[in-house]
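Reader: I would like to go through this model term by term, asking on what grounds each label is given. Could you set every value against its definition as we go?

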Amino acid sequence: MNSVNIAGRISDDAVKATSANGLTFVRFKITVDKNSKDSNGGYDVFEIVAFRELADLNYEVGRYVAITGKLSANNYEKEDKQYFNCSIIASAISMMGK
(Lines give C-alpha, C1' and ligand atoms only; values in the text may rest on other atoms or scores of the structure.)
Protein backbone atom coordinates (compact mmCIF):
# COMPACT_ATOMS: atom_id res chain seq x y z
CA MET A 1 0.00 0.00 0.00
CA ASN A 2 1.34 3.44 -0.96
CA SER A 3 -0.33 5.99 1.33
CA VAL A 4 1.10 9.13 2.97
CA ASN A 5 -0.49 11.39 5.59
CA ILE A 6 1.62 14.39 6.54
CA ALA A 7 1.17 17.80 8.15
CA GLY A 8 3.54 20.74 8.11
CA ARG A 9 4.13 24.33 7.05
CA ILE A 10 4.51 25.53 3.46
CA SER A 11 8.16 26.54 3.26
CA ASP A 12 8.51 28.19 -0.15
CA ASP A 13 6.46 29.80 -2.90
CA ALA A 14 4.29 27.39 -4.85
CA VAL A 15 5.09 27.09 -8.56
CA LYS A 16 2.04 26.56 -10.77
CA ALA A 17 2.45 25.13 -14.26
CA THR A 18 0.69 23.24 -17.03
CA SER A 19 1.89 19.87 -18.31
CA ALA A 20 2.41 19.07 -22.00
CA ASN A 21 -1.07 17.51 -22.15
CA GLY A 22 -2.75 20.58 -20.58
CA LEU A 23 -3.05 19.36 -16.97
CA THR A 24 -2.62 22.13 -14.37
CA PHE A 25 -0.41 21.33 -11.37
CA VAL A 26 1.42 23.05 -8.53
CA ARG A 27 4.71 22.12 -6.86
CA PHE A 28 5.75 23.30 -3.39
CA LYS A 29 7.64 22.18 -0.28
CA ILE A 30 6.55 21.71 3.31
CA THR A 31 8.62 21.41 6.47
CA VAL A 32 7.67 18.88 9.12
CA ASP A 33 9.03 18.99 12.66
CA LYS A 34 10.94 15.91 13.80
CA ASN A 35 9.45 14.47 16.98
CA SER A 36 12.15 12.09 18.10
CA LYS A 37 14.64 12.27 20.95
CA ASP A 38 17.51 11.50 18.55
CA SER A 39 16.82 14.37 16.14
CA ASN A 40 17.63 17.27 18.50
CA GLY A 41 14.66 19.12 17.09
CA GLY A 42 15.01 20.01 13.44
CA TYR A 43 12.71 19.26 10.56
CA ASP A 44 12.33 17.33 7.31
CA VAL A 45 11.43 18.92 3.96
CA PHE A 46 9.07 17.21 1.51
CA GLU A 47 8.17 18.14 -2.06
CA ILE A 48 4.44 18.13 -2.78
CA VAL A 49 2.79 17.98 -6.21
CA ALA A 50 -0.95 18.66 -6.57
CA PHE A 51 -3.03 18.41 -9.75
CA ARG A 52 -6.30 19.76 -11.11
CA GLU A 53 -8.50 21.66 -8.59
CA LEU A 54 -5.90 21.22 -5.83
CA ALA A 55 -3.54 23.33 -7.95
CA ASP A 56 -5.90 26.30 -7.56
CA LEU A 57 -5.74 26.55 -3.76
CA ASN A 58 -4.05 29.53 -2.09
CA TYR A 59 -0.59 28.28 -1.02
CA GLU A 60 0.86 30.89 1.36
CA VAL A 61 4.34 30.44 2.80
CA GLY A 62 4.04 29.64 6.51
CA ARG A 63 0.53 28.20 6.27
CA TYR A 64 -0.04 24.91 8.11
CA VAL A 65 -1.42 22.16 5.84
CA ALA A 66 -2.45 18.52 6.15
CA ILE A 67 -1.87 16.37 3.06
CA THR A 68 -2.99 12.89 2.05
CA GLY A 69 -1.43 11.30 -1.00
CA LYS A 70 1.05 8.77 -2.32
CA LEU A 71 4.82 8.65 -2.59
CA SER A 72 6.27 8.90 -6.11
CA ALA A 73 9.92 8.12 -6.87
CA ASN A 74 11.52 8.95 -10.23
CA ASN A 75 14.92 8.16 -11.69
CA TYR A 76 16.15 10.04 -14.73
CA GLU A 77 19.34 10.88 -16.59
CA LYS A 78 20.41 14.37 -17.63
CA GLU A 79 23.73 15.33 -19.19
CA ASP A 80 25.15 11.85 -18.43
CA LYS A 81 24.28 12.08 -14.72
CA GLN A 82 21.74 9.94 -12.87
CA TYR A 83 19.18 11.76 -10.71
CA PHE A 84 16.62 10.55 -8.18
CA ASN A 85 13.57 12.53 -7.11
CA CYS A 86 10.96 11.62 -4.51
CA SER A 87 7.69 13.58 -4.18
CA ILE A 88 4.33 13.26 -2.48
CA ILE A 89 1.47 13.36 -5.00
CA ALA A 90 -1.45 14.94 -3.13
CA SER A 91 -4.98 13.55 -3.36
CA ALA A 92 -6.38 15.80 -0.59
CA ILE A 93 -5.09 19.01 1.03
CA SER A 94 -6.58 20.73 4.08
CA MET A 95 -5.51 24.29 4.88
CA MET A 96 -5.22 24.37 8.67
CA GLY A 97 -4.30 28.01 9.37
CA LYS A 98 -1.19 29.99 10.23
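Author: Let me begin with how the contacts are spread along the sequence: among contacts in the protein chain between residues at least 6 apart in sequence, 55% join residues at least 24 apart, where a contact means heavy atoms within 4.5 Å. This is a predicted model, in which local features need pLDDT of at least 70 and side-chain atom pairs count only at pLDDT 80 or more, while totals for chains, interfaces and linings use all residues. Residues are numbered from 1 along each chain as its sequence is written, and side-chain values use heavy atoms, with hydrogens and water left out.

Reader: What makes the pattern of the protein chain β-β-β-β-β-β?

Author: Helices (H or I, at least four residues) and strands (E, at least two) are taken as DSSP runs and numbered from the N terminus. The protein chain has 0 helices and 6 strands by that rule, and reading along the sequence therefore gives β-β-β-β-β-β. The C-alpha trace spans about 40 × 35 × 30 Å along its principal axes.

Reader: How do you know that strand β3 and strand β4 pair, and in which sense?

Author: Two strands pair if DSSP finds at least two bridges between them. Strand β3 (residues 24-33) and strand β4 (residues 43-51) have 9 bridges, in the antiparallel sense, so they count as a pair. Within this pairing I30 stands opposite F46, and V32 stands opposite D44.

Reader: Which other strands pair with β3, and through which residues?

Author: Strand β2 (residues 15-18) is joined to β3 by 4 bridges and runs antiparallel to β3, with A17 opposite F25. β2 and β3 form a hairpin with 5 residues between them, and G22 in the turn has a positive phi of about 90°. β1 is also antiparallel to β3, through 2 bridges, and since the rule asks for at least two, this counts as a pairing as well. In β3, R9 has T31 as its bridge partner, while I10 has I30.

Reader: What are the partners of β1 and β4 elsewhere, in β5 and β6?

Author: Strand β1 (residues 4-10) pairs with β5 in the antiparallel sense over 6 bridges, and G8 stands opposite V65 there. β4 and strand β6 (residues 81-97) run parallel and are joined by 2 bridges, with I48 opposite I88.

Reader: Why is the pair of F25 and F51 called tilted?

Author: Rings of Phe, Tyr and Trp (its six-membered ring) pair if their centres lie within 6.5 Å, and planes under 30 degrees apart count as stacked, over 60 as edge-to-face and the rest as tilted. By this rule the count comes to 3 aromatic pairs. The ring centres of F25 and F51 are 5.9 Å apart, and their planes stand at 45°, so this pair is tilted. The pair links distant parts of the chain, with F25 in strand β3 and F51 in strand β4, 26 residues apart.

Reader: Why do F25 and F51 carry their burial labels?

Author: Buried means under 20% relative accessible area, exposed over 50%, and partly exposed in between (1.4 Å probe, protein chains only). F25 has a relative accessible area of 16% and is therefore buried, whereas F51, at 26%, counts as partly exposed. In the protein chain, buried residues make up 26% of the 98 residues.

Reader: What makes the phi of R52 and of E79 worth a remark?

Author: Most residues other than glycine have a negative phi. Phi of R52 is near 55°, a positive value in a residue other than glycine, and E79 has a positive phi of about 50° although it is not a glycine. R52 is found in the loop between β4 and β5 (64-78), and E79 in the loop between β5 and β6. R52 counts as exposed because its relative accessibility is 53%, and E79 counts as exposed at 73%.

Reader: Which residues does R52 touch, not counting residues up to four places away in sequence?

Author: R52 touches L23 and T24 on that count. The C-alpha atoms of R52 and T24 are separated by 5.5 Å, although the two residues are 28 apart along the chain.
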